[in-house]
Amino acid sequence: MSAKSPIPLLDLKAQYATIRDEMRSAIDRVLESQRFILGPEVEALEREIAEYSRCAHGIGVSSGTDAILVALMAIDIRPGDEVITSPYSFFATAGTIARLGARPVFAEIERKTFNIDPVGIEACISSRTRAIMPVHLFGQMANMTPILEIARRHKLYVIEDAAQAIGAERQERRAGSVGDIGCLSFFPSKNLGGFGDGGMVTTNNADIAERVRLLRTHGSRDKYYNEILGGNFRLDAIQAAVLRVKLKYLDRWTEGRRRNAAFYREAFSNAASIELPYEVPNSRHIYNQFVIRSSRRDELMSHLKQQGVGCEVYYPVPLPHQVCFRDLGFKAGDFPISEAASKESLALPIYPELTPEMIQRVASAVCSGGHRPPLPCAPSTAEFGS
Ligand SMILES: *Cc1c(COP(=O)(O)O)cnc(C)c1O
């Protein structure tokens, strides 16, 4: 790669180049079998992901969004119910709640981690509250211990939106295995991404697992006999075959992301005016995104784009302020921490195939502009580790 070529936010072609042959023979295997929906590939993936996530059960579904939807259906969330969740997440977190006629109730996030702050949850509980849905945002787990304690006291379910957090850990517990249900996404830009949409529900509860399996196929155990109202939430075999190949490399890739995060920390060690992502002690952040904060984020973003450095805002609008939720009646100022995050956060490239030189170029681009006066972080000449 020449010194001036652009550095995208994510380069899936670089990943594909390292596994092309294996991938093609895995897909070939499915083509030869002509079994495209569920079947042995999906069952094998379910076992492998359950083991990886340290859960008893994995149920492959059609997307991360559908994993959340079917999880909510499995605990029988209905119109009028309330589910407490984070105001700072991808839309699906709250959209699925609302699609079932239930009300998303938002508890403000912690400034440092962007994750739901357990301190605010109890004030959100009403007689209609049925569940709490923390999101493990950007690849770092929410503070589950107090959340589980609150849930136990109020007899609420806990659903983890672990779409960005496969393999993340906190106090030796893995994302998706801590609450009653975990929801994973295999959208291509997630750390374990398929060649299309896909997702997985994880749980240690055999009854919930059984219900999710039923819901996934129109509520039918025997074809054409429908016991409960479900839908088509099935995962297809080509995705499963692709994901099984990628799963073997996931820990290596995660280590690459973590190494890149460490390189950034070194490169930005003198940068006073940007804030680096906070890592909770005793945790494994899997860096689905490496999100910095700057009070002059928009300037910085256009500068980086000009320099050919990919970057993105996650997320520009907190969920309570989405137009489709205007009937919930929230107004500017209701979620000041989330609102500040939406104005200050910026994701930088973190994918594992980045080289130390590329990270240095990103860091130099961040330091060289968008800020007047310039940031006090002239590109370091220090050599990175190999
Ligand atoms: C990606 C994502 C989802 C939805 O997953 P899809 O597979 O895209 O449907 C849900 N929640 C969060 C936090 C996500 O990042």
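An open sheet of 3 strands is arranged in the order E7-E6-E11, with antiparallel pairing; strands, like helices, are DSSP runs numbered from the N terminus, with at least two residues for a strand (E) and at least four for a helix (H or I). At its edges lie strand E7 (173-174) and strand E11 (283-284), each of which pairs on one side only, where pairing requires that DSSP finds at least two bridges between two strands. The model is a predicted one, in which local features need pLDDT of at least 70 and side-chain atom pairs count only at pLDDT 80 or more, while totals for chains, interfaces and linings use all residues. Residues are numbered from 1 along each chain as its sequence is written, and side-chain values use heavy atoms, leaving out hydrogens and water.

Within this sheet, strand E6 (residues 169-170) and E11 are joined in the antiparallel sense by 2 bridges. Glu 169 belongs to E6 and stands opposite Arg 284 in E11. Glu 169 has a relative accessible area of 16% and is therefore buried, a label given under 20%, with exposed meaning over 50% and partly exposed in between (1.4 Å probe, protein chains only). The side chain of Glu 169 makes polar contacts with the side chain of Arg 174 at 2.8 Å and with that of Arg 54 at 3.1 Å. A polar contact is a pair of N or O atoms within 3.5 Å; within protein, one must be able to donate a hydrogen and the other to accept it, and residues adjacent in sequence count only if both atoms are side-chain atoms.

Another antiparallel pair is formed by strand E12 (residues 290-294) and E13, with 4 bridges between them. Here Val 291 stands opposite Ala 347. In E13 (residues 345-348), Ser 345 and Ala 347 point one way, Leu 346 and Leu 348 point the other way, and all are buried.

Turning to the ligand, 16 residues surround it, and Gly 64, Thr 65, Gln 164, Ser 185 and Lys 190 come nearest; a residue counts as near if one of its heavy atoms lies within 4 Å. The largest share of this shell, 3 residues, comes from H3, and helix H3 (64-74) and helix H4 (92-99) each supply at least two shell residues. Oxygen atoms of the ligand lie 2.5 Å from a polar side-chain atom of Thr 65, 2.7 Å from a side-chain N or O atom of Gln 164 and 3.0 Å from one of Lys 190.
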